[in-house]
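Q: Please take a close look at a single part of this chain and explain it in connected steps, for someone in a first year of study.

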Amino acid sequence: MDSDLFSRRRAERFAQLLDEANGGRRHHVRSKADGELTALVEVSRRLTAERPDVEVDAEFRTGLRAMLVATAEREGVGALAKTTTSGVRGALLPAITGRRARARGAILVGVAAGAVALSGISAASENALPGDALYGMKRSTERAQLALASSDISRGQLFLDFARTRLDEAASVRDDRLGFSAVLDDMDADTRQGVRLLTTVAAQRSDPAALDAVDTFLAGQHRVVSGLLDRPDHADRDRTRRSLALLDAAGKRADALREAIACGLPAPQASDTLGPAPATCPADR
């Protein structure tokens, strides 16, 4: 499985998607990575179209430049490809074809887009609420973070972070049942994704360490969601109770997995939206 976001094959596909987004010819191919790469292309499109007024500090600019220069040197882009300590590398390597050059250029574009999305642009949109002009940018930045995550544990933790963010947004919605319910729908979807990823890692590794992040999330999230029920201007108490029920179910799943791992049961075969569904440990264990 190709887990490196900017491996050559994925970089070539990213370059094609960028071309198509900018009016270039359509490439009649599809890749398993399209879902992740499309999120980065969308961030690139929004950065070009919306250009929020953000001041990026000098330290970030310096760090980004150093990262791009290092990536260019490592990947052999432009004049830096000819700069080596021995002077032999350029003579031994074959000439870079246009296709490979485009792919390596896409690496730099992807690194830059990801870095910008997670810095100044993210800062500009992080407090945006549903209906605000920058809310779409905020959600695109989240998708880019997921695409750049290096492991299922990282992605799972990100989804739980996003669920916390959705809860903060829900707390700002007053007397709007439809808007409140929509935010909680997104929150619950992020909760399921995060819990599923982390419980799957725990089951596959027979290691409960990944469940610690689930337990920490559930404790804080349950407390804040419960607090919404006491608000006099609460939009929809029944909808809030459904979110609480999901958190309770996730807690029971994490506890069941801990017990199954502790008593040495094999990784569960059955699975649902919260991840592996373990069997009950025998009574004699």
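Q: Where does R253 sit, is it buried or exposed, and what surrounds the helix that holds it?

A: R253 is buried, since its relative accessible area is 14% and the cut-off for buried is under 20%. The model is a predicted one, and the values that follow are computed from it.

R253 belongs to helix α11. Not counting residues up to four places away in sequence, R253 touches T199, D272, L274, G275, P276, A277 and P278. Two of these can be placed by the element ranges: D272 falls in β1, which covers 271-272, and T199 falls in α9, which covers 177-205. G275 and P276 make up β2, at 275-276.

Helix α11 itself runs over residues 237-262. It has 26 residues and reaches 38 Å from its first C-alpha to its last, close to the 38 Å expected at 1.5 Å a residue. At the N-terminal end, α11 is capped by D236, with a side-chain oxygen 3.2 Å from the backbone nitrogen of D238. Just after the helix, G264 takes a positive phi of about 80°.

The stretch after α11 also holds a covalent link. C263 and C281 are joined by a disulfide, with an S to S distance of 1.9 Å. A search of the whole structure finds one disulfide. C263 lies in the loop between α11 and β1, while C281 lies in the segment after β2, so the bond ties together parts that are 18 residues apart in sequence. The angle about the S-S bond is -75°, and the link is left-handed. Its two ends fall into separate burial classes: C263 counts as buried because its relative accessibility is 16%, and C281 counts as partly exposed because its value is 22%. The cut-off of 20% lies between these two values.

To place this part in the whole, consider the order of elements. The chain has 11 helices and two strands, and along the sequence the pattern is α-α-α-α-α-α-α-α-α-α-α-β-β. The strands β1 and β2 therefore come after α11. Of the 285 residues in the chain, 40% are buried. Among contacts with a separation of 6 or more, 65% are between residues 24 or more positions apart. The accessible surface of the chain comes to about 15900 Å², and carbon and sulfur atoms account for 51% of that.

Other helices can be read in the same plain way. Helix α8 has 21 residues and reaches 31 Å from its first C-alpha to its last, close to the 30 Å expected at 1.5 Å a residue. Its buried residues are G156, L158, F159, L160, F162, A163, R166, L167, E169 and A170. What covers these buried residues includes α7, α9 and α10.

Within α8 there is an aromatic pair, and a search of the whole structure finds one such pair. F159 and F162 meet edge-to-face, at 6.5 Å centre to centre with 80° between the planes. The two are three residues apart in α8 (residues 152-172), which means that about one helical turn separates them. Both F159 and F162 are buried.

E169, one of the buried residues of α8, also links to a neighbouring element in the list of cover. The side chains of K138 and E169 are joined by a polar contact of 2.8 Å. K138 is placed in helix α7 (residues 135-148), and it counts as buried because its relative accessibility is 7%. The C-alpha atom of K138 is also 9.7 Å from that of V43, although the two are 95 residues apart along the chain.

Two further residues are not buried. S206 lies in the loop between α9 (177-205) and α10 (209-228). Its phi is near 50°, a positive value in a residue other than glycine. S206 counts as partly exposed because its relative accessibility is 44%. T38, in helix α2 (residues 34-50), is partly exposed as well, with a relative accessible area of 41%. The C-alpha atoms of T38 and L17 are separated by 7.3 Å, and the residues are 21 positions apart along the chain.

To return to the residue at the start: R253 is a buried residue of helix α11, and its contacts include D272, G275 and P276.

Conventions: Residues numbered from 1 in each chain as written. Predicted model: local features only at pLDDT ≥ 70, side-chain atom pairs only at ≥ 80, totals over all residues. Heavy atoms only, no water. Helix = DSSP H or I, 4+ residues; strand = E, 2+ residues; numbered from the N terminus. Buried < 20%, exposed > 50% of the residue type's maximum accessible area, 1.4 Å probe, protein only. Contact = heavy atoms within 4.5 Å. Areas by Shrake-Rupley, 256 points an atom, 1.4 Å probe, with all protein chains shown as cover. Disulfide = S-S within 2.5 Å. Expected span 1.5 Å × (residues − 1). Polar contact = N/O pair within 3.5 Å; in protein donor to acceptor, adjacent residues only side chain to side chain. Phe/Tyr/Trp six-rings, centres within 6.5 Å; stacked < 30°, edge-to-face > 60°.
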